[in-house]
Amino acid sequence: MESRTRKWLTRAIAAAAAATVAIGGMTACSSSGSSDTSSGKTTVNWWSWNPDDTQDKQWITAFEKEHPDITIKHRFIQYSDYVNAVRLAATSNSGPDVFGLQVGALTTQFAPLAVDLAPLAAKNIGADWKDQLLETQQLAVDGKQVGLPWMITGGGLLWYNKNILDQAGVQPPTTLAEWKDACAKITALGKTCFVQGAKDDWVNIDVYQSIVNQITPGTFYKAVLGKAKFDSADFVKAFDVWKQLFDDGIVQPGALGQTEYPDVSDIFSKGDAAMIALGTWNDDHMTKPTLASLAPTYGDQITSQVFVPVAFPDVVGGAKETGRLFGGPDVGWAISAKSKVKDAAFTLVQWLTSSKTAQTMIGKTLQTPALKSVPVDASELAAPDVQKPALEDQAKQITDLIGARQIQDADVQTALGQALSSVASGQMSSEDAAASVQKAIDAIAK
């Protein structure tokens, strides 16, 4: 979250949607939903970090075309400000009607402020709504369906710019030694090898999961729930390996002061860095429409770049497993308990999560639609020969996720994020870092 994170779908959504609907005017949101008796229209206020204000027009236009009696007012908030903004607004009568969630701590925190969507889903989507949608359980808290999933993504990938690797004469690294060798050759070209937005806890936690899953596959997800020890030798080793990425120069200097979005993702998109740690939410960067839509921001150079995801390299030496994705619903949609227009709000939620129109828009960006019946559309890959096999492997992984990306308890998530930053900066030992996370986990049971 993103999600920890902005997990933005990129402008590919706008490009994909343009084939179906015309661009609508930008909207804003400043008040709670309402019904206008003079026009017969209901206004629904929709808050999100994803889609952002470059994408929302396409979604709004498509929805309002099918639901002319409802007007959508969208407010985009950067993820770094989103959680606090929604937390405050959702307790008032001037907040959002529909707002975005990520699974884990954010869903748990917002559960008391949201409507239980299960009865509405059963009534409007069908009694089998859980069978129609993927991973709905990750957006439920104590039997309450806090949100419905929009798209499914997985973390644990290393993305590379094939153009830069080809110029350097290297292949995507599969081991730490190969990675270090590739970095030396890439740096010699005047490019940055790998960029990490280490100011953001979410991406550091993603990389740590990739590391620890190589040492003891799947134990991370037990440990954060108190069912395994986080201060065991395996987790300490994972912290050691994390620190080594900084010490060996894999992670760029100054990473702890840079965010994943927009700082280092911009560097990668501009063609100034060869590799970055992202997940399947970046898949739209493999399509021609997305690259074309990004040209005004990053220059025409991006239209000729070939971005490809691979499994995170074996950085531990003799990894027990590599390539397993962890994830689930990237964004879920909830309805505020304070909303005055709950029926219209659910119409928007239902459309986003289970309509063919909206879910096809998701599929065109190469994200996995939450609606099982809608496929990913890989017809517009920029370089099918290298990108299609990667996409096919992802499809298998999405059905066999090793665990959820997000941590359910906010204090545990915060403790791990702080521990990773402290280890990377040399302010905390790996042993102390693991112990600090275990302390946060132990506190849950008290």
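In the loop between strand S5 (140-141) and strand S6 (144-145), strands being DSSP runs of E with at least two residues and helices runs of H or I with at least four, numbered from the N terminus, sits Asp 142. This is a predicted model, in which local features need pLDDT of at least 70 and side-chain atom pairs count only at pLDDT 80 or more, while totals for chains, interfaces and linings use all residues. Residues are numbered from 1 along each chain as its sequence is written, and side-chain values use heavy atoms, with hydrogens and water left out.

Most residues other than glycine have a negative phi, and most peptide bonds are trans. The exceptions here are tabulated.

| Site | Feature | Value |
|---|---|---|
| Asp 142 | positive phi | about 50° |
| Leu 366 | positive phi | about 75° |
| Asn 50 and Pro 51 | cis peptide bond, omega | about 10° |
| Tyr 261 and Pro 262 | cis peptide bond, omega | about 0° |

Asp 142 counts as exposed at 82% relative accessibility, whereas Leu 366, in the loop between helix H15 (356-364) and S13, counts as buried at 2%; buried means under 20% relative accessible area, exposed over 50%, and partly exposed in between, with a 1.4 Å probe and protein chains only. Pro 51 is found in the loop between strand S2 (41-48) and helix H2 (56-66), and Pro 262 in helix H12 (residues 260-269).

The buried residues of helix H16 are Gln 387, Ala 390, Leu 391, Gln 394, Gln 397 and Ile 398. Seen down the axis of H16, they fall within an arc of 115° (taken from the directions from the helix axis to the C-beta atoms), so they line one face of the helix. On the other side of H16, Asp 385 and Lys 396 are exposed.
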